[in-house]
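Q: I have a model open and want to learn to read it feature by feature. Can you take me through it?

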Amino acid sequence: MAFDWSAFVSALFSASLFKGAAIALALTVLAHAVAIALSLPMAIALRGTNRTLKAATKVYVTLFRAVPILLLLLIIWNGLPQLSPIFREQWFTPFLAALIGLALTEAAYQVEINRAALGAVHHGQVDAGKALGFNRLQIFFLIQVPQAMRVALPPTVNEFITLLKATSIASVISLRELMTVTQQAVAFTYKYAEFYLAALIYYVAMVLLLMVVQAFYERRMSWIGR
């Protein structure tokens with residue numbers, strides 16, 4: 001069977017695929033934002049002296065790195081409603097379930113990125129902050145975090161790209177992201193190559209956009225710590 005160019009163009013500019021790509025991107029942005037918010041205090045705990053917090057953080061990181069995302073999503077979407085009726089309400093949507101699962105998993109990887117980035121800030125910078133009369137919070141947010149961000153940016157963007165591709169797994173819980181919409185269209189039209197190629201172009205376009213954003217911010221932040 002020859003490649004159907006008209007079907008490919010129709011798929012590429014279809015509202016359903018565009019909406020699916022937008023949902024995948026929105027899910028990635030929100031999940032990664034939550035993951036960063038969760039991982040920062042855990043990274044601080046790993047660098048701290050409190051043994052209980054360090055042990056709890058290590059357990060978290062080990063657990064969520066070990067559990068496959070597919071299994072975690074199925075536990076959240078199918079398991080939680082069995083444990084509590086509150087998860088059977090309309091507010092508990094596939095998008096929210098996917099957001100929880102992806103954010104918890106991503107946080108386990110982002111912890112190590114943040115820990116390493118904070119560790120890369122020379123201790124002399126902290127001493128300089130103390131000499132200027134800064135308190136601990138000022139030193140952390142005004143000196144350590146900006147310099148750590150420059151170090152953490154490349155691996156963080158790489159994790160963002162990996163997370164974007166991982167959103168396709170959310171199709172197992174009926175989230176109508178890009179891969180779910182593509183699979184449904186393929187099942188209806190049997191145009192495998194055309195719709196899969198259109199989906200591929202969407203993913204490549206989103207990744208290229210992220211790479212452009214990364215390069216822009218790396219140039220903007222290149223002066224920090226120098």
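Q: Which residue follows H8, and what is the sign of its phi?
A: First, a caution: this is a predicted model. Tyr-190 follows H8, and its phi is positive, near 65°. Tyr-190 is a residue other than glycine. It sits in the loop between H8 and helix H9 (192-220).

Q: Is Tyr-190 buried or exposed?
A: Compare the relative accessibility with the cut-off: over 50% is exposed. Tyr-190 has 57%, so it counts as exposed.

Q: Which residue in the loop between H7 and H8 has a positive phi?
A: Ser-174, with a phi of about 70°, although it is not a glycine. That loop runs between H7 and helix H8 (178-189). Ser-174 is exposed, as its relative accessible area is 53%.

Q: What caps the N-terminal end of H8?
A: Look for a side chain that reaches a backbone nitrogen at the helix start. Here Glu-177 does the job. One of its side-chain oxygens lies 2.9 Å from the backbone nitrogen of Met-179.

Q: Which residues of H8 are buried, and what covers them?
A: The buried ones are Leu-178, Thr-180, Val-181, Thr-182, Ala-185 and Val-186. Their cover includes H2 and H9.

Q: How do I check the length of a helix? What does H8 give?
A: Compare the end-to-end C-alpha distance with the span expected at 1.5 Å a residue. H8 has 12 residues and reaches 16 Å, close to the expected 16 Å.

Q: What does the check give for H5?
A: Helix H5 covers residues 94-119, which is 26 residues. At 1.5 Å a residue they should span 38 Å. The end C-alpha atoms are 37 Å apart, which agrees.

Q: Where is the kink in H5 centred?
A: On Ala-108, with a bend of about 30°.

Q: Why look for a nonpolar core?
A: In soluble globular proteins, nonpolar side chains tend to be buried together. Now the case at hand. The largest nonpolar core has 26 residues. Leu-27, Ala-31, Tyr-60, Ala-98 and Leu-102 touch the most other members. Helix H2 (15-47), helix H3 (51-66), helix H4 (69-83), H5 and helix H7 (136-166) each supply at least two residues. H5 gives the most, with 8 residues. Another core, of 23 residues, lies apart from it. Phe-8, Leu-17, Ile-161 and Met-221 are among the members of that second core.

Q: What does Tyr-60 contact, beyond its neighbours within four places in sequence?
A: Met-42, Leu-104, Ala-107 and Ala-108. Ala-108 is also where the H5 kink is centred.

Q: Is Ser-39 buried or exposed?
A: Buried means under 20% relative accessible area. Ser-39 has 0%, so it counts as buried. It lies in helix H2.

Q: What does the side chain of Ser-39 reach?
A: The backbone oxygen of Ile-36, at 3.1 Å. Leaving aside neighbours within four places in sequence, Ser-39 also contacts Ala-107, Gln-110, Val-111 and Asn-114.

Q: How many helices and strands does the protein chain have?
A: Step back for the overall view. There are 9 helices and 0 strands. The C-alpha atoms fill a box of roughly 70 × 45 × 25 Å along the principal axes.

Q: What share of the residues counts as buried?
A: Of the 226 residues, 39%. The chain exposes about 13,000 Å², with carbon and sulfur atoms supplying 68% of it.

Key:
Residues numbered from 1 in each chain as written. Predicted model: local features only at pLDDT ≥ 70, side-chain atom pairs only at ≥ 80, totals over all residues. Heavy atoms only, no water. Helix = DSSP H or I, 4+ residues; strand = E, 2+ residues; numbered from the N terminus. Expected span 1.5 Å × (residues − 1). Bend = angle between axes of the 7 residues up to and from the residue. Core = buried A, V, L, I, M, F, W, Y, C linked by side-chain atoms within 4.5 Å. Buried < 20%, exposed > 50% of the residue type's maximum accessible area, 1.4 Å probe, protein only. Contact = heavy atoms within 4.5 Å. Polar contact = N/O pair within 3.5 Å; in protein donor to acceptor, adjacent residues only side chain to side chain. Areas by Shrake-Rupley, 256 points an atom, 1.4 Å probe, with all protein chains shown as cover.
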